[in-house]
Amino acid sequence: MKHPLIIICTALAAAFACAPAAAQTSRGEKSFGPRVGYVSRNSTALAGLAFQYSFSRHVRIAPEIDLIFRNRDMDGFGISFNTHFPISIDSKGRAAFYPVAGINFTSWGLHGVSPDDANDVTSHTNCIGLNAGAGIEYRVKQSLKLSLEARYTLMRHYPSAQVAAGIAFVF
């Protein structure tokens, strides 16, 4: 499997086409839910929470908190403040594509062992970066939506790519 992201996107698009319709995004709509994914910086998983608030049908803010699991003696904690620009991709407003732009703060934990006395040597590096990417979302019901998002975080010394899937309760 050379291109698992393409296979996942194709499967989600097929599922979107077969499901019942749901309401389109409206001003003041909020959503909240968990997200899981993959981070390229240390080739590991992430888990987090995402909130979204729609200012209009075409603009919403989306703050997120993510925990990046430890791998290759590195882990992290990230906070992102993104803006989404949803564009409906079907006539009933149940599926949407959205570009992502935002800022990111990540605290990377670098773990190691001192060669002199075998003590744990952990340091933290705090980085600020810029997010850019895109996502797709699908309304399963008026109060439930699924999403798949890919983005790149540009930051000095610690750039990374993320792919994350989420489920959110809409209220």
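A residue is called buried when its relative accessible area is under 20%, exposed when it is over 50%, and partly exposed in between (1.4 Å probe, protein chains only). Because its relative accessibility is 1%, Trp 108 counts as buried.

The structure is a predicted model, in which local features need pLDDT of at least 70 and side-chain atom pairs count only at pLDDT 80 or more, while totals for chains, interfaces and linings use all residues. Residues are numbered from 1 along each chain as its sequence is written, and side-chain values use heavy atoms, with hydrogens and water left out.

**Aromatic rings**

A pair of aromatic rings is described by the distance of the centres and the angle of the planes. Rings of Phe, Tyr and Trp (its six-membered ring) pair if their centres lie within 6.5 Å; planes under 30 degrees apart count as stacked, over 60 as edge-to-face and the rest as tilted. A search of the whole structure finds three such pairs. One of them is formed by Trp 108 and Tyr 158, which are stacked with 6.1 Å between centres and 20° between planes. This pair links distant parts of the chain, since Trp 108 is in strand β6 (residues 95–113) and Tyr 158 is in the loop between β8 (144–154) and β9 (160–170), 50 residues apart. Strands here are DSSP runs (E, at least two residues), numbered from the N terminus. Tyr 158 is buried, with a relative accessible area of 13%.

Phe 169 and Phe 171 also form a stacked pair, with 5.9 Å between centres and 20° between planes. Phe 169 is partly exposed at 48% relative accessible area, and Phe 171 is partly exposed at 45%.

A ring can also lie under a charge, which is counted if NZ of Lys or CZ of Arg is within 6 Å of the ring centre and within 35 degrees of the ring normal. The charged end of Arg 60 sits in this way over the ring of Tyr 98, 5.0 Å from its centre.

**Strands β6, β7 and β8**

Two strands pair if DSSP finds at least two bridges between them. Strand β6 and strand β7 (residues 120–141) run antiparallel and are joined by 19 bridges. Gly 112 stands opposite Val 121 in β7. The hairpin of β6 and β7 has six residues between the strands, and Ala 118 in this hairpin takes a positive phi near 60°.

Strands β7 and β8 run antiparallel as well, with 11 bridges. A hairpin of two residues joins them, and Ala 132 stands opposite Tyr 152 in β8.

**Ser 107**

Ser 107 lies in strand β6 and counts as buried at 17% relative accessibility. Its side chain makes a polar contact of 2.8 Å with the side chain of Asn 126. A polar contact is a pair of N or O atoms within 3.5 Å; within protein, one must be able to donate a hydrogen and the other to accept it, and residues adjacent in sequence count only if both atoms are side-chain atoms. Leaving aside residues up to four places away in sequence, Ser 107 touches Asp 75, Gly 76, Phe 77, His 124, Thr 125 and Asn 126, where contact means heavy atoms within 4.5 Å.

**Positive phi in two loops**

The table lists two residues other than glycine with a positive phi.

| Residue and phi | Loop | Relative accessible area |
|---|---|---|
| Ser 43, about 50° | between β1 (30–39) and β2 (44–54) | 27%, partly exposed |
| Arg 72, near 55° | between β3 (60–71) and β4 (74–84) | 58%, exposed |

Notes:
Helices (H or I, at least four residues) and strands (E, at least two) are DSSP runs, numbered from the N terminus.
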